[in-house]
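Trainee: I am new to this structure and would like a close look at a single part of it. Please take one helix and explain how it sits among its surroundings.

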Amino acid sequence: MVKVNENCIGCGACTAVCPDVFELNDDGVAENVLGDDIAADLMDSVKDAAEGCPVEAIEVE
């Protein structure tokens, strides 16, 4: 499971690292656009995005 929590400040770091999974919504914060259907080959990029998030808003379980 990959979730963007309420800490998101909309910096766009995750969208730069993993645009297939993350995008900024109308409120200017990131969201996981794939839900629970993230392909295994994208998980390394998701983890990189989580590690690069300046406010630790991406939760990967």
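Mentor: What follows is a walk around helix 2, with the overall fold before it and the adjoining loops after it.

The model is a predicted one. The protein has 2 helices and 4 strands, and along the sequence these follow the pattern β-α-β-β-α-β. In a box taken along the principal axes, the C-alpha atoms fill roughly 25 × 20 × 20 Å. A compact globule of 61 residues would have a radius of gyration near 10 Å, and the protein agrees with that, at 10 Å. Of the 61 residues, 31% count as buried. Among contacts with a separation of 6 or more, 54% are between residues 24 or more positions apart.

Now the helix. Helix 2 covers residues 43–52, and its buried residues are Val46, Ala49 and Ala50. These residues lie on the same side of helix 2, because they cover an arc of only 100° around the axis. The face turned away from that buried side carries the exposed residues Asp44 and Glu51. To see the two faces in the model, find Val46 on the buried side, then look for Asp44 on the face turned away.

What does the buried side pack against? The partners of the buried residues of helix 2 are strand 1 (2–4), helix 1 (13–17), strand 2 (22–24) and strand 4 (58–60). Val46 gives a more detailed view of this packing. Leaving aside neighbours within four places in sequence, Val46 is in contact with Val2, Cys18, Val21, Phe22, Ile38 and Val60.

Val46 also belongs to the largest nonpolar core, which has 16 residues. The residues with the most contacts inside this core are Val4, Val21, Phe22, Val46 and Ile58. Strand 1 and helix 2 are the elements that give two or more residues to the core. The largest share, 3 residues, comes from helix 2.

A residue can lie some way along the chain from Val46 and still be placed at a short listed distance. Pro19 is in the loop between helix 1 and strand 2. Pro19 and Val46 are 27 residues apart in sequence, and their C-alpha atoms are 9.5 Å apart in space. Unlike the buried Val46, Pro19 is exposed, with a relative accessible area of 53%.

After helix 2 the chain enters the loop that runs between helix 2 and strand 4, where Pro54 is found. Pro54 is exposed, and its relative accessible area is 54%. Leaving aside neighbours within four places in sequence, Pro54 is in contact with Ile9 and Cys11. Cys11 is 43 residues away from Pro54 along the chain, and the C-alpha atoms of the two are separated by 8.4 Å. Cys11 itself is partly exposed, at 47% relative accessible area.

The same loop between helix 2 and strand 4 holds Glu56. Glu56 is exposed, with a relative accessible area of 61%. Its backbone deserves a look. Most residues other than glycine have a negative phi. Glu56 is not a glycine, yet its phi is positive, at about 55°.

Glu56 also leads to another loop, through Asn5. Asn5 lies in the loop between strand 1 and helix 1, and it counts as buried at 10% relative accessibility. Leaving aside neighbours within four places in sequence, Asn5 is in contact with Glu56, Ala57 and Glu59. A polar atom of the Asn5 side chain lies 2.8 Å from the backbone nitrogen of Asn7.

One last point concerns the cysteines around this part. A disulfide is a covalent bond between the sulfur atoms of two cysteines. With a cut-off of 2.5 Å between cysteine sulfur atoms, the count comes to 0 disulfides. Cys8 is in no disulfide, and the nearest cysteine sulfur, that of Cys14, is 6.2 Å away. Cys8 counts as buried, at 17% relative accessibility. For Cys11 the closest cysteine sulfur is in Cys53, at 5.8 Å, which is too far for a bond.

To sum up, helix 2 has a buried side formed by Val46, Ala49 and Ala50, and its other face carries the exposed Asp44 and Glu51. The buried residues pack against two of the elements already named, strand 1 and helix 1, and also against strand 2 and strand 4.

Terms used
Residues numbered from 1 in each chain as written. Predicted model: local features only at pLDDT ≥ 70, side-chain atom pairs only at ≥ 80, totals over all residues. Heavy atoms only, no water. Buried < 20%, exposed > 50% of the residue type's maximum accessible area, 1.4 Å probe, protein only. Arc of directions from axis to C-beta. Contact = heavy atoms within 4.5 Å. Core = buried A, V, L, I, M, F, W, Y, C linked by side-chain atoms within 4.5 Å. Polar contact = N/O pair within 3.5 Å; in protein donor to acceptor, adjacent residues only side chain to side chain. Rg over C-alpha atoms; globule rule 2.2 N^0.38 Å.
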